[in-house]
Amino acid sequence: MNNPELEQSTQIAFFASSPKIMVEELEKVEIKSENFDSQMACLQYFSYILSWDIVNARFFYYKYQRLVELELIGKEMTKFLKLVFENKHSELIKGCDKLCEILNTIPVYKKWSNELKSRVADHLKNLVENNFTSISAARLSQYGGQPQDKAFVKIEEREHREIELDGEVDTKYGEQVKFIKSYLTHNSFTQIIYIKSKMQQKEVDETLEEVKTIKAITPKEIKKIVKPQFEANPELFYPTKVFDKFGFTRCKCPKCGAYFWRHTDKKITCGDSNCEGKYSFIGVGTGKGAKGNKITYADAWNGFKKSLTSARVPCTAIDRYPVVARWRNDVDYVAAGIYCFQPFCVTGEMDPPANPLICPQFCVRFNDLDNIGLTGRHYSGFIMLGIQTFNYPEKYVFFKEECVEFNYRWLTEELEINPDDITFIEDVWAGGGNLGPSVEYFVNGLEVGNMVFMQYKYFHDGSYEELPIKIIDTGIGLERIPWLINGSPTSYHDVFAGAFAYLSEKLQVQYSNEVWKAFGPYSCLLNVDEIENVDKTWEYISTQIGYDVPTIKKEIEQLKDMYIILDHTRTVMMVVTDGSLPSNVGGGSNIRNIIRRVFAVLKKNSWWEKLGMDGLLQLFQEHKNDLAKLYGPFGEYKSFDLIIKQEYERWAKTDDDKKVKLEKLLKQKNNQLSIDDWIFAMSTHGIPADTISQISKLPIPGNLYAELADRAARITKAPEAILYNTVHLPETVNLYYQTPKDGKFNAKIVTIFSNVQQQNLPNIVILNQSAFYPFGGGQDYDQGWLTIQGERHFVNNVQKVGKVVLHILDKPLSDPIDTYVNQEILAEIDLDRRTILRNHHTATHIVFAACRRVLGPHVWQNGAHKSVNNAHLDITHFAPLTKEQEQNIENEVNKIILSARQINKGFMSKSDAEKEYGFRLYQGGIVPGNELRVVNIEGIDVEACCGTHCDSTSEVGWVRILKTQKLQDGVVRLYYVAGVKTIEVLNSEGEMINQLVKLWSISKNQLVEEGSKIFQEKKHYETAYNSIKAELIKSQMKYVIDGPNLKTIIQSNETNPTAYFSEIGKYIQQLKDSKKGLIFVADTFLYGAFGDGNFNVEELSKQIEEEGTQLKVNKQNKISVKDGKKCIQVNDVLTFSVLGKFNKNKVLKYLKDLQFALF
């Protein structure tokens, strides 16, 4: 290499993934500096492939896709890798040959083409030996290769392999080897990001940004990979010393095989209810409860808080976070306490609110819906008592040993539980991208809590790496504590105290406490995720408690349904009041599923007549009253009742179209639906499970919701593409907040980048300081000019990469890059453009505040964009906006503007800002760091926001709402303009009015009246015209059916085939009876109808299609025809339409050649 620095970096890249290859050859590599990042990425990518580390090769591609695909060799590697992963064995040899052809043209790769061929041959041989493929041995022998370790190549079963540095490499490159770990840990690629090219925009952008996703390994799968390693080394992964200290010994459960710790030899199994066979606390209580000292739901939290805040290392109790996780972009809801602190507290980019801390966090999970009401312990919404501790490299708080000690003391001292009743089970936990050993603890068959020790970060492909910050995440189900202590038949008795009493009285449900007391201890056996034969389980329970199965089911069924209603309504109440809406997409679909399940259960049991809408709404209030003992009183949520009423109306009026789609699916499947069919109907057609069950008369599969949750866990957001490396550059000093109204500034050039999106032209300027606002916060970038060496250059794009601002010029610089470094420049900003963007951005805050005032507190920002043409705001709302609502919002916006409210902008510590303003700050998500830029429109709106803003609302001028539309279920978009753009719109509207007044020779006051007349007349003439068209088609069809020709051409003057779609169906049976057909030929479409269905539409399309164009063909072989009120289906016929550009004369000639007669 000519460049020693590049040489070392490239060697490091290879040593990191494949140290045994390419060492000598790399010294000869010559890489052009401007392409260094992409070429280095391809080299590392190839090293994974050559060492057959296919999993990590795939992961590397996802992470650095943009760099890899800049090079031809990288693209070809990806094609090859895809063949391997998709198991396209028959194409793999051909793909390898093609890749090797390119390898042979590049010196650094040439030597390894034969090595790659050998790898492929070995791979395919092993597949043959293991019956993975049918490729013949003869074909393999022609390709060559050596036998390979079978365990190394089994498809989809590879586990992450630790990087091993060969001793020879260590000796030869001692300093480089030391640097490798640093390179991998800090990874210079992580701050190289892809600059998105500006899309050509319509007048208003009516699309919702698509989030790219990729297939990911599930938490269950990663746990399975690492658990054997953890079990084999308990002293490395588990807190064995504290167990010894308190007299616990390690043994293996004879039932499940798990390793656990016990206090007495009398404890034979691990303590899990599946191994114990039942709960042993029901009817007798535990600890202080067994002594007659029962506790409430609130008492359980208060006792926990007392114990942990007075521990040897005291914890701080904090308030709960909202259950809607607006500070995260990867999940919708909080499913565990640690979710509140991921990702930035976990990575160290942000401080937690306290350390260590405890929190009664409300969480939601939708994978156990099938168990709710039956097992006594499952919920869709529950309170997790969390202990979170963050151990930094420079600051240790406490970890495994202390955590077990504090939990143990809470159990034995506060709850007075006998140590002999406690067992600790070794396990592994994974979730939210983090992984680590965990210790679950059980008391008398009930899992009380789980202490998770986060030590690793894992990736979507199953690889993982050490976390620099070691974290404790203890989760304890608060609902289980009073149940365990009091010994109630189910936990629902203690949790839904007031709500249960209210609902029982309203529904007048009769149930037997005796049956429930007998059944309760064995309810643990009915977890649908773990039962192999549910009927045998019921029979077993029957023999144990002395009641026959029908009696047990009869006695528990209605109470189980009541518990489902109580659980689901509480979850809906918490999620909706925290700012989410039921919908057909995302997390909102889970909320819609459970509220509709409530409606279905009420209907099934004939309870709706007893409860009604008013009673249901009061039930939500009862939940608030119960939870107020923990969280304090709930504020008024004025749109809540309307949301629930609308959901009920939607559920009650099942969409006819959805019914048709489901009935079609049922017919195809002979009225038997697989789990895939259920999920397809729910996700694709938007049909709730209870509606599918109601229409199909099939029971909802027991594992349906668990399967839905598992599939959702397999999808994650794709890593962001990358392009420019700025990690080595100093941070650009930000001037746009300091002097937002100054149009000029001086700066020095730090460096010039070549633009990889514009043939590597040197037109990207990095300055030491800049007042140009880069794209961010949904606001478009500034434009302006840089005067460099006396020449004025236009800045047409500004982006931020890491901490560096990139100024992209409209043309390249002409001199060598080095001559510009440290040069003084003069910068000028287009202040007219900035003013428009600033007004649109400020207007967005005001429009959002007005929407909340007019529509209700359920409105949250779901996205926004501010351009020079207009701005739009996406809000959460359950229905399209009416014209009246649009007008009310616009009026409210302009009232706020006229009030001339002060707009304060400045930085605050994150903790202070959250305490003062709450989580409403995070309308546009959250950014890392312990400081927030807070924009406060006094008395109107407060948000954490970047971007440029006015100093007073009066500067916005005036806002005009252009239009609104429903983007998707639960999301509405508002388009608007502000300031000078409003003047342009008002002028345009005024000019339109003036033109109409002049055209119709009337006054402005007469416009509405005259317009109404014109449209009424237009409607009348259209009706008459359609009647004439129908008569014409009738005459044409009579000629065709009664005439001598079997095939007829009719030339049409219509501009679209709508009339034929509407009318031809009436005559299709006659065409079938007479075995005749016809085609209407117009300038822009063809429409045909044939009674025998044998005409070749595809060949017609092929013959007439113009070069470079593509025709759109639609055809049907059966038609539904209305006969009075009946709908008759005619089969084995053909109707079709062909739309697009074609030569009409060519069509006529082709049809005449097929013996068609011209009408």
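In this predicted model, strand β25 (residues 931–937) lines up with β26 in the antiparallel sense, and four bridges hold the pairing on record. One of the matched positions is Val934, whose bridge partner in β26 is Ala944. Zooming out a little, the two strands belong to an open sheet of three, running in the order β24-β25-β26 with antiparallel pairing. That leaves β24 (903–909) and β26 (941–944) at the edges, each pairing on one side only. Neighbouring strands here are turned by 20° against each other on average, direction ignored.

Two helices pack on this sheet. Helix α34 (residues 831–855) touches β24, β25 and β26, and its direction makes about 125° with that of β26. Helix α36 (residues 910–917) likewise touches β24, β25 and β26; in this case the angle of about 125° is taken with the direction of β24.

On to the hydrophobic side of things. The largest nonpolar core counts 183 residues, and Trp410, Phe424, Phe519 and Leu616 are the ones with the most contacts inside it. Helix α26 supplies the largest share of this core, with 14 residues. Domain 2 (654–715) and domain 4 (834–838 + 845–992) each put in at least three residues as well. As for Trp410, leaving aside residues up to four places away in sequence, its contacts include Gly303, Phe304, Ser307 and Leu308, along with Leu415, Tyr441 and Val448, plus Ile476 and Ile481. A second core, separate from that one, has 32 residues, among them Leu43, Ala57, Cys96 and Val108.

Just past α26 (549–577), in the loop that leads to α27 (588–604), sits Ser583. With a relative accessible area of 5%, Ser583 falls under the 20% cut-off and therefore counts as buried. Residues up to four places away in sequence aside, Ser583 touches Gly588, Ser589 and Arg592, and also Asp969.

Further along the chain comes helix α38 (residues 1007–1042). Its 36 residues reach 52 Å from the first C-alpha to the last, close to the 52 Å expected at 1.5 Å a residue. Several positions in α38 are buried, including Leu1007 and Gly1011, then Lys1029, Ile1033, Gln1036 and Met1037, and finally Val1040 and Ile1041. The cover over these buried residues includes three helices, α37 (980–1000), α39 (1058–1063) and α40 (1068–1074), together with the strands β29 (1047–1051) and β30 (1077–1081).

Definitions and conventions:
Residues numbered from 1 in each chain as written. Predicted model: local features only at pLDDT ≥ 70, side-chain atom pairs only at ≥ 80, totals over all residues. Heavy atoms only, no water. Buried < 20%, exposed > 50% of the residue type's maximum accessible area, 1.4 Å probe, protein only. Contact = heavy atoms within 4.5 Å. Core = buried A, V, L, I, M, F, W, Y, C linked by side-chain atoms within 4.5 Å. Domains from an automatic or database assignment. Expected span 1.5 Å × (residues − 1). Pairing = 2+ DSSP bridges. Axes fitted to C-alpha atoms, helices over the stretch in contact; angles between N-to-C directions.
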